[in-house]
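Here are my notebook entries from a session of looking things up in one protein model. Have the structure open beside you and follow along.

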Amino acid sequence: MSRHELLLFEALREGLEEEMERDPRVCIMGEDVGHYGGSYKVSKGLAEKFGDLRVLDTPIAENSFTGMAVGAAMTGLRPVVEGMNMGFLLLAFNQISDNCGMLHYTSGGQFTIPTVIRGPGGVGRQLGAEHSQRLESYFQSIPGIQMVACSTPYNAKGLMKAAIRSENPVVLFEHVLLYNLKERIPDEEYVLSLEEAEMVRPGEHVTILTYSRMRYHVMQAVKTLVNKGYDPEVIDIRSLKPFDLYTIGNSVKKTHRVLIVEECMRTGGIGASLTAAINENFHDYLDAPIICLSSQDVPTPYAGTLENWTVVQPPQIVTAVEQLCQ
């Protein structure tokens, strides 16, 4: 199979471009997405190719352009909304929850809202508290929306295409530190499932569930763990809502131990929901309590050393696995 190498932001762009070529209803809107090419260059060159109306530069008004996207989706377009930073989408929370999530239901099925809401989130390198937010925890309780998190160029492109084709509103989480990851991806077209986890590394001793940037912290820890004689199974859950409980459940039934590693907040985060789901569905298969490693419940400090302290680091993952496998 022939492949080409690109960076994660280029993979997202390729997915966008292919879908815009395939379907004239697909359009992009957000701050600086047009002639500037997006703050992380995900829409670079698309305004020149598709014109200013399909790649629409908006004012700095998240509630307005997200609301406009909902209206566009109701009347037949398939908008992709970029939040220049995920934290800014809190300004559009009403549009995402009350409009995106509910309108299919509150209109008695008359409208579908095929909208993608995407952008960079997570803790970067000294971006300060406002620009280091993880909105997964905020958005997970909204009825009617799906959430996915990409972590490699391959899954970034496949999930972008799937999100655009979905009839549901989909929030696609990208991580600010993963845009320059490089990978060889297939030349031929592919679309991934929005509801499937990815088996990163099969193993026998413990199930490690993670997503987004923490996948890489986990894989760093795995090197140490293998040297110490452990055989961890690593799953990138990818779908943050709904969870792929089939893949996760099969792993729990095999290893009987679960460690969750997330960059989300400790309280009310994805890890908390995942812990509850596993306890409800697979409690009888667990030989030890689930351990969940999360970010601390504090605004992310600006100082680099303090910032690192608030986020889970590989040595903590190693210690947690040793504790679980005693």
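I began with residues 6-181, whose end C-alpha atoms lie 8 Å apart. That span is 36% helix and 18% strand, where helices (H or I, at least four residues) and strands (E, at least two) are DSSP runs numbered from the N terminus. The unreviewed UniProt entry lists these residues as "domain: Transketolase-like pyrimidine-binding"; such annotations may be inferred rather than shown by experiment.

I noted the ground rules too: the model is predicted, local features need pLDDT of at least 70, side-chain atom pairs count only at pLDDT 80 or more, and totals for chains, interfaces and linings use all residues. Residues are numbered from 1 along each chain as its sequence is written, and side-chain values use heavy atoms, leaving out hydrogens and water.

Next I looked up the sheet. It is open, with 7 strands in the order 3-2-4-5-7-6-12 and mixed pairing (two strands pair if DSSP finds at least two bridges between them). Strand 3 (55-57) and strand 12 (239-241) each have a single partner strand, so one side of each lacks a neighbour in the sheet. The twist averages 20° from one strand to the next (axes are lines fitted to C-alpha atoms, for helices over the stretch in contact; angles run from 0 to 180 degrees between N-to-C directions).

I then checked strand 6 (residues 146-149), which runs antiparallel to strand 12 and is joined to strand 12 by 2 bridges. Met 147 has Lys 241 as its bridge partner in strand 12.

Is Thr 115 buried or exposed? I found it buried, because its relative accessibility is 1% (buried means under 20% relative accessible area, exposed over 50%, partly exposed in between, with a 1.4 Å probe and protein chains only).
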